Amino acid sequence: MGKEYQLLINGLWKESESGETFDVVNPANMDVVARCAKAGQEETVQALEAAQKAFETWRFTPARERSNLMHKAAAIFRQRIDTIARLLTLEHGKPLQDSFKELAFSADVIDYYAEEARRLLGSHFEGDAGPTHSFVFQQPLGVVAAITPWNFPVDLLSWKVGPGLAVGCTFVVKPPSQAPLAAIEFLRCFEDACFPPGVINIVTGSGSVVGAEMVTHPISRKIAFTGSTQTGLWIAEQAAKQLKHVSLELGGSAPFVVCKDADLDLAVPQALRRSFSHTGQICISVNRIFVHEDLADEFIRRFAESASKLRVANGLKEPDADMGPMIDQNGLNTVLDHLQDAIANGAEVVTGGKPPAGEEYEHGYFFLPTVLTKVTRDMKVMREETFGPIAPISTFRTIDEAVEMANDTPYGLAAYVFTNDLDTAMYMAERIEAGGIGVNVNDITDIRGPFGGMKMSGVGRELGKVGLDSYLETKHVRVLRRKPRE
Ligand code: NAD
């Protein structure tokens, strides 16, 4: 077994008060990778208090100093990227090449917001209805509770601490229990860059104890959450009782629409990657593919053939594999449940539908890329978030029908439209209910663009300028203009 990981409270690494720990397991072979301290309510409150104390100085630390410290942390992180990428693959299962991509983007996010820290300006105007000066201050919100999921445990954390630290907020972070290690190593870089004690605190432990305390305790002023819609709804209810700020990045059910005039040489590989990379465990993974009926046979043939050739493997042994294992038995159970439901209701498995055969797969949560046809809207695979490697394909006739099918979901995070016609692209982009629409591209993530969901996929946006603003409180200071007394 690897290292033991501790809590970070007020600049000190420590065991939990109870001495309790939990194991982190490699989903490719069930080996225990490391052991983590399991915090309780008491340590969570200590972490929140430390963050509150640190806020009083961090908020007034000059922007250039905050910026320099963040750049330093990003540089340290880049130096350690090889080791941390291996750790991420060990705890999560994603192929090493995907771990590198995640970590490189996280480092960029920290550098990007380090620069933004120095560009934070308020404003001034003269009174409209009287002799006054008006100043608009933009001030940090305070202590942020950052709660993240296991699928991108470092990236999704960088999207929170990047903007928050830049504007002067302090943090209590709860990494996901399935994959907390790379996130802890990422945050260790900030400690090693000499961030003041208490600016970042880490409490590993269960969501229902540690996470719940972070959400309900009056010290936290913002809950920055990425995870399931179910947990997000609970957090929204709790936060509402104290009118806390929230950003909720929740589940998705992304449609991939292949129009009559689409370029299949482009659409097929793009649909493939977005359906199966990370074993389908991305919030913006393709969940439902809608192909114009004229192209359906050709699309299905090419897509299924390519899917059957994808390489599923232990991502450490084969760093450039296409897919690793699923995260755990729960994830695998959902895939099996959705698959059985679809087959029982008439769906046809074109390829996949089972775990890969072979000794190397016997102890991990592996499942083959699976393509389904003859799917109907009432199947679980079309209605719920499968979060696994299943691509259900159905057909449409008209553009309006495609829009209606794409919107037939409670979710609204990402959507993809493949067409060679600008009018079709714009018509669909306006009508499809999703926070991000990719036209002839299969990724809606750009460091400068707002990322987030509509409907049950969440509230708020991360990344870009809007991601920075969401850590700020706006204050109007109105001052009488008058001549000083001599
Ligand atoms: P989850 O909701 O089970 O857990 C997310 C985090 O919340 C974990 O750290 C967990 O410990 C914590 N948590 C659990 N109960 C809590 C509570 N009562 N109070 C506070 N915290 C609590 O989600 P998951 O299974 O880790 O992640 C998968 C989900 O995340 C999927 O639905 C996926 O779509 C979603 N996701 C969304 C985005 C996005 O940007 N919209 C990105 C990635 C993942």
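Gly 207 meets the ligand through its backbone: one of its backbone N or O atoms lies 3.4 Å from a ligand nitrogen atom. The model is a predicted one, and that holds for every distance given here. Gly 227 also reaches the ligand with a backbone N or O atom, in this case 3.3 Å from a ligand oxygen atom. Thr 148 does likewise. A polar backbone atom of Thr 148 sits 2.8 Å from an oxygen atom of the ligand.

Which residues come nearest to the ligand? They are Thr 148, Ser 228, Thr 231, Leu 250 and Glu 385. These five belong to a set of 26 residues around the ligand. Thr 148 thus appears twice in this account: it is among the nearest residues, and it has the backbone approach of 2.8 Å to a ligand oxygen.

Now step back to the whole chain. It is divided into two domains. Domain 1 takes in 4-250 and also 457-475. Domain 2 runs over 254-439. Taken over C-alpha atoms, the centres of domain 1 and domain 2 are 31 Å apart.

The two domains touch. On one side, 24 residues of domain 1 make contact; on the other, 29 residues of domain 2 do. About 2,200 Å² of area is buried between them. Carbon and sulfur atoms give 60% of that area.

What polar links cross this interface? Ten residue pairs are in polar contact across the interface of domain 1 and domain 2. The side of domain 1 that touches domain 2 draws two or more residues from each of two elements, α3 (81-92) and α4 (96-117). Of these, α3 gives the most, with five residues. Sorted by class, this side of domain 1 has nine nonpolar, nine polar and six charged residues.

How many salt bridges cross between domain 1 and domain 2? There is one. Asp 98 forms a salt bridge with Arg 273, and their closest N and O atoms are 3.3 Å apart.

The structure as a whole holds 32 salt bridges. One of them joins the side chains of Asp 294 and Lys 260, at 3.7 Å from N to O. Asp 294 lies in the loop between β14 (286-292) and α10 (296-308), while Lys 260 lies in the loop between β13 (254-258) and α9 (264-276), so the pair ties together parts that are 34 residues apart in sequence.

Technical notes
Residues are numbered from 1 along each chain as its sequence is written. This is a predicted model: local features need pLDDT of at least 70, side-chain atom pairs count only at pLDDT 80 or more; totals for chains, interfaces and linings use all residues. Side-chain values use heavy atoms; hydrogens and water are left out. Domain bounds come from an automatic or database domain assignment. Contact means heavy atoms within 4.5 Å. Buried area is the accessible area (1.4 Å probe) that two parts lose on being put together, summed over both. A salt bridge is a side-chain nitrogen of Lys or Arg within 4 Å of a carboxyl oxygen of Asp or Glu. A polar contact is a pair of N or O atoms within 3.5 Å; within protein, one must be able to donate a hydrogen and the other to accept it, and residues adjacent in sequence count only if both atoms are side-chain atoms. Helices (H or I, at least four residues) and strands (E, at least two) are DSSP runs, numbered from the N terminus. Ala, Val, Leu, Ile, Met, Phe, Trp, Tyr, Cys and Pro count as nonpolar, Asp, Glu, Lys and Arg as charged, and the others, Gly among them, as polar. A residue is near a molecule or strand if one of its heavy atoms lies within 4 Å of it.
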